[in-house]
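Here is a short report on one protein chain. The sequence and model come first, and the reading follows.

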Amino acid sequence: MSSAASRDRRRIVERLGAASRVLLVLHVRPDGDSIGSTLAMAAALRALGKATEVVAPDPIPPNLAFVPGAGAVVDAGATRGSFDTALFLDCASLDRIGGATADLERAGPILNVDHHSSNQRYGEINYVEPQAAACGEVTYDLIRALGVALDVEMAVGLYVAIVTDTGSFRYQSVTARTHRIAAQLLGLGVRPAEVAERIWDNRSLASLRLEAAALRTLEREGELAWMDVTPQMLAESGAAAYETEGLVNLPRSLEGVEVAVLFSDEGRGEVRVSLRSTARVDVSTVAVSLGGGGHARAAGCTLGMSLAAAHAAVLTAVRAAMR
Ligand code: 5GP
Ligand code: MN
């Protein structure tokens with residue numbers, strides 16, 4: 001850890017130590033890292049005697065509702081009372097909290113804990129570890145630094161954060177330390193097969209039908225591959241928008257592909273773009289240039305344009321980045 005990061009962590013620990021009511025905020029379309037890190041952190045703060053509330057700008061996907069504490073998460077705008085501290089985990093920029101902005105008006109200064117290299121350092125204190133494979137790793141360190149003894153419920157949250165953001169320990173970001181932390185979490189009682197089964201082996205028939213329809217749009221151009229989701233596919237399959245999560249891994253898994261893109265038009269006049277690379281191309285630069293953000297190997301953006309226009313804009317930027 002850099003000395004700047006260790007100083008920032010010390011400052012966060014001090015501030016959380018002095019806090020009594022903490023608002024924790026999930027990011028839009030919350031994923032396993034956002035949910036797992038945030039719920040583990042909320043439990044750790046409660047163990048220190050703090051009052052906590054967790055607010056979500058979008059619903060928790062059903063396959064992540066098993067994470068301990070998920071049942072107490074409230075919708076944006078539904079928090080009550082006021083907070084002396086706001087804590088964001090896994091949130092690269094302020095616009096990632098969507099409708100939870102209203103809840104923030106009754107909260108104190110923002111503490112920003114993250115692992116995105118594109119993090120915009122919007123907090124009063126910013127503790128960012130870009131080499132961490134998941135915000136769950138950063139959260140693990142922070143909970144330890146707070147002197148809280150991890151219990152099995154916190155361990156499940158942290159394990160979910162790490163196993164989802166690393167593609168089950170497969171991505172370039174994974175280190176020996178990622179595995180050592182995971183080993184600690186298993187030692188606390190996490191059952192990895194049970195977690196994996198709940199997250200990945202509980203799919204709806206509609207989501208498999210959506211996958212089949214999307215695969216028919218798969219296109220390849222050398223080391224670049226992409227796929228679409230259209231409003232018609234969502235309607236015909238009956239799948240929900242959150243069920244597009246993970247589809248980008250299909251073009252990514254094609255042999256010889258370096259960059260994969262999923263274009264998801266959910267019929268709201270905008271296109272959600274997911275970008276992945278396997279080894280070489282920094283897709284976060286592409287996403288940032290289009291108003292989004294993320295990591296070198298996983299990034300995204302939302303474009304207010306048609307699917308055809310999004311294809312043109314994104315594929316042009318990706319081709320340039322690949323040269
Ligand atoms: P996904 O493709 O799974 O939605 O997102 C991949 C990564 O890119 C995640 O780490 C996420 O934080 C980041 N990301 C996706 N969309 C956006 C966006 O619109 N803005 C920012 N800042 N980051 C994004
Ligand atoms: Mn993350």
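Helices and strands are DSSP runs, numbered from the N terminus; a helix has at least four residues and a strand at least two. On that basis, Tyr127 belongs to strand β6, residues 125-128. The model is predicted.

## Overall fold

The protein chain has 12 helices and 12 strands. Its C-alpha trace spans about 55 × 40 × 35 Å along the principal axes. The radius of gyration is 19 Å, which agrees with the value near 20 Å for a compact globule of 323 residues.

Contacts reach across the sequence. Among contacts with a separation of 6 or more, 65% join residues 24 or more positions apart.

## Surface and charge

Of the 323 residues, 52% count as buried. The chain exposes about 13,700 Å², and carbon and sulfur atoms supply 51% of that area.

The charge count is 31 positive and 37 negative. The mean positions of the two sets are 4 Å apart.

## Nonpolar cores

In soluble globular proteins, nonpolar side chains tend to be buried together. Here the largest nonpolar core has 52 residues. Leu16, Leu24, Met41, Leu87 and Leu185 have the most contacts inside that core.

What does Met41 touch, leaving out residues up to four places away in sequence? The list holds Leu16, Leu24, Leu87, Leu89, Thr139, Leu142, Ile143 and Leu146. Another core, of 21 residues, lies apart from the largest one. Its members include Leu275, Val283, Ala299 and Val314.

## Strand β6 and helix α4

Is Tyr127 buried or exposed? Tyr127 is buried: its relative accessible area is 0%, and the cut-off for buried is under 20%. Beyond four places in sequence, Tyr127 touches Met1, Ala5, Asp8, Arg9 and Ile12, then Asn112, Val113 and Asp114, and also Val138, Asp141 and Leu142. Arg216 is 89 residues from Tyr127 along the chain, and their C-alpha atoms are separated by 43 Å.

Helix α4 covers residues 135-145 and is mostly covered, with 9 of its 11 residues buried. The buried residues are Cys135, Gly136, Glu137, Val138, Thr139, Tyr140, Asp141, Leu142 and Ile143. Val138, Asp141 and Leu142 are among the contacts of Tyr127. Thr139, Leu142 and Ile143 are among those of Met41. After α4 comes Gly147, with a positive phi near 80°.

## Helix α5 and the loop that follows

Val156 sits in helix α5, residues 152-165. Its relative accessibility is 14%, so Val156 counts as buried. Outside four places in sequence, Val156 is in contact with Phe66, Pro68 and Val190. Val156 and Arg46 are 110 residues apart in sequence, with 16 Å between their C-alpha atoms.

Ser168 lies in the loop between α5 and α6, the latter at 176-187. Ser168 is not a glycine, yet its phi is positive, about 60°. With a relative accessible area of 33%, Ser168 is partly exposed.

## A second positive phi outside glycine

Which loop holds Arg121? Arg121 lies between β5 (110-114) and β6. Its phi is positive, about 50°, although Arg121 is not a glycine. Its relative accessible area is 47%, so Arg121 is partly exposed. The β6 strand after this loop holds the buried Tyr127.

## Helices α1 and α12

Arg7 is in helix α1, residues 3-18. Arg7 is partly exposed, at 42% relative accessible area. Gly189 is 182 residues from Arg7 in sequence and 32 Å away in space, C-alpha to C-alpha.

Leu307 is in helix α12, residues 307-322. Its relative accessible area is 16%, and Leu307 is buried. Leaving aside neighbours within four places, Leu307 is in contact with Asp228, Thr230, Phe263, Asp265 and Val271. Thr285 is 22 residues from Leu307 in sequence, and their C-alpha atoms are 21 Å apart.

Notes: Residues are numbered from 1 along each chain as its sequence is written. Chains are lettered from A and ligands numbered from 1 in the order in which they are written. This is a predicted model: local features need pLDDT of at least 70, side-chain atom pairs count only at pLDDT 80 or more; totals for chains, interfaces and linings use all residues. Side-chain values use heavy atoms; hydrogens and water are left out. The radius of gyration is taken over C-alpha atoms; the globule rule is 2.2 Å times the number of residues to the power 0.38. Buried means under 20% relative accessible area, exposed over 50%, partly exposed in between (1.4 Å probe, protein chains only). Contact means heavy atoms within 4.5 Å. Accessible areas come from the Shrake-Rupley method with a 1.4 Å probe; for residues, only the protein chains shown count as cover. Lys and Arg count as positive and Asp and Glu as negative; His and the chain ends are not counted. The place of a charge is taken as NZ of Lys, CZ of Arg, CG of Asp or CD of Glu. A nonpolar core is a set of buried Ala, Val, Leu, Ile, Met, Phe, Trp, Tyr and Cys residues joined through side-chain atoms within 4.5 Å.
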